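Visitor: I would like a close look at a single part of this model. Please pick one helix, then place it in the rest of the chain.

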Amino acid sequence: MESNGKKKVVMAQFQLETHSREIIGISGMLESEGMDVVIMGNSLPQNTVERAVKECADVIGICTFGGGEVVLGKALIKAAEDKGIKEKACFIIGGIIAPENVPKLKEIGFDAVFLTAMKDSGSKEDIIASIQSAIDEKKNPSIKKAAAKKAAGKKVAAKKAATKKAPPKKVAVKKTIVKKVAAKKVVAKKVTAKKAAAKKTVKK
């Protein structure tokens, strides 16, 4: 899909979007990294995908600040499926996005999600690295599987570490219980001794 060795990116905004600074900023940043960027501006999801097909795009990027990213995002991914490019192109989205919608967007099919576009998505290098990683994983699924396996391994290791740390706490609890039982026995012995002493005094 690359032309002249450059990765091709189609940048667009959903149809009712009124902001343009971020899409221009992101596009300029990608161009400075040697990518070939086509800025569509406001566009329907279907039109965006059609342009991406025409341009043989490696990446479809969406800037959104007006909400509705989940509904419109679904329409975009569905159009990509219909055109047969969902598994070929990388899909990224950024803008004012509710944090709870991030996992939904990834589940829908977006490969990378950036909150408030450039401002809170890390440095320029972080954003470029995330996009590059998403592109590489899309072209080579084994990379994604390896990353998922590594993440799963970390979770298992974390659980094992937590399990190892748990026994000392249990031991400490047991020791506390033993101490309490021992203390009760001591008290009981003292009470018994007092009662015995009291009986002897009465007999005398």
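Guide: What follows is a close look at helix H3, then at its surroundings. This is a predicted model. The mean pLDDT of the chain is 81. Of its residues, 75% reach 70 or more. Confidence is highest in helix H2 (residues 45–55), at a mean of 96. It is lowest in helix H6 (residues 141–203), at 67. Where pLDDT is low, predicted coordinates should not be read in detail.

First, the setting. The chain has six helices and five strands. From the N terminus on, the order is β-α-β-α-β-α-β-α-β-α-α. The chain has 204 residues, and 33% of them count as buried. Take the contacts between residues at least 6 apart in sequence: 69% of them join residues at least 24 apart.

Now the helix. H3 covers residues 69–82, which is 14 residues. From the first C-alpha to the last, H3 reaches 19 Å. That is close to the 20 Å expected at 1.5 Å a residue. Just after H3 comes Gly 84, with a positive phi of about 75°.

Which residues of H3 are buried? They are Glu 69, Val 70, Gly 73, Leu 76, Ile 77, Ala 79 and Ala 80. A general point about spacing helps here. An α-helix has 3.6 residues a turn, so residues three or four places apart point the same way.

What do the buried residues of H3 pack against? Their partners are H2, strand E3 (59–64), strand E4 (90–95) and helix H4 (102–108).

Start inside the helix, with Ile 77. This residue lies in H3. Ile 77 counts as buried because its relative accessibility is 2%, below the 20% cut-off. Leave aside neighbours within four places in sequence. Ile 77 is then in contact with Lys 86, Phe 91, Ile 108, Gly 109 and Phe 110. Ile 77 is also 8.2 Å from Pro 45, C-alpha to C-alpha. In sequence, Ile 77 and Pro 45 are 32 residues apart.

Next, cross to H2. Thr 48 is found there. At 1% relative accessibility, Thr 48 counts as buried. Its C-alpha is 7.8 Å from that of Leu 76. Those two residues are 28 apart in sequence. Leu 76 is also one of the contacts of Thr 48. Beyond its neighbours within four places, Thr 48 also touches Val 10, Ala 12, Met 40, Ser 43, Ile 60 and Ile 62.

After H2 comes a residue with an unusual backbone angle to check. Cys 56 lies in the loop between H2 and E3. Its phi is near 55°, a positive value in a residue other than glycine. Most residues other than glycine have a negative phi. At 41% relative accessibility, Cys 56 counts as partly exposed.

Then take E3, another partner of the buried residues of H3. Thr 64 is found in E3. With a relative accessible area of 1%, Thr 64 is buried. Glu 69 of H3 is buried as well. Thr 64 and Glu 69 are in contact. Outside four places in sequence, Thr 64 also contacts Phe 14, Glu 17, Ile 93, Gly 94, Gly 95, Ile 96 and Ile 97.

Two further sites fill in the rest of the chain. One is Val 37, in strand E2 (residues 36–42). Val 37 counts as buried, at 11% relative accessibility. Its C-alpha is separated by 6.0 Å from that of Lys 8. The two are 29 residues apart along the chain. Beyond four places in sequence, Val 37 is in contact with Val 9, Met 11, Ser 27, Leu 30 and Glu 31.

The other site is a helix pair. The axes of H1 (residues 21–32) and H5 (residues 124–139) come within 11 Å. They cross at roughly 75°, so H1 and H5 are roughly perpendicular to each other. H1 brings Met 29, Leu 30 and Ser 32 to the contact. H5 brings Lys 124, Ile 127, Ile 128 and Ile 131. By class, this contact has five nonpolar, one polar and one charged residues. Leu 30 appears twice in this picture: in the contact with H5, and among the contacts of Val 37.

Methods: Residues are numbered from 1 along each chain as its sequence is written. This is a predicted model: local features need pLDDT of at least 70, side-chain atom pairs count only at pLDDT 80 or more; totals for chains, interfaces and linings use all residues. Side-chain values use heavy atoms; hydrogens and water are left out. pLDDT is the predictor's confidence in each residue, from 0 to 100. Helices (H or I, at least four residues) and strands (E, at least two) are DSSP runs, numbered from the N terminus. The expected span of a helix is 1.5 Å times one less than its number of residues. Buried means under 20% relative accessible area, exposed over 50%, partly exposed in between (1.4 Å probe, protein chains only). Contact means heavy atoms within 4.5 Å. Axes are lines fitted to C-alpha atoms, for helices over the stretch in contact, and angles run from 0 to 180 degrees between N-to-C directions. Angles under 35 degrees count as roughly parallel, over 145 as roughly antiparallel, 65 to 115 as roughly perpendicular and the rest as oblique. Ala, Val, Leu, Ile, Met, Phe, Trp, Tyr, Cys and Pro count as nonpolar, Asp, Glu, Lys and Arg as charged, and the others, Gly among them, as polar.
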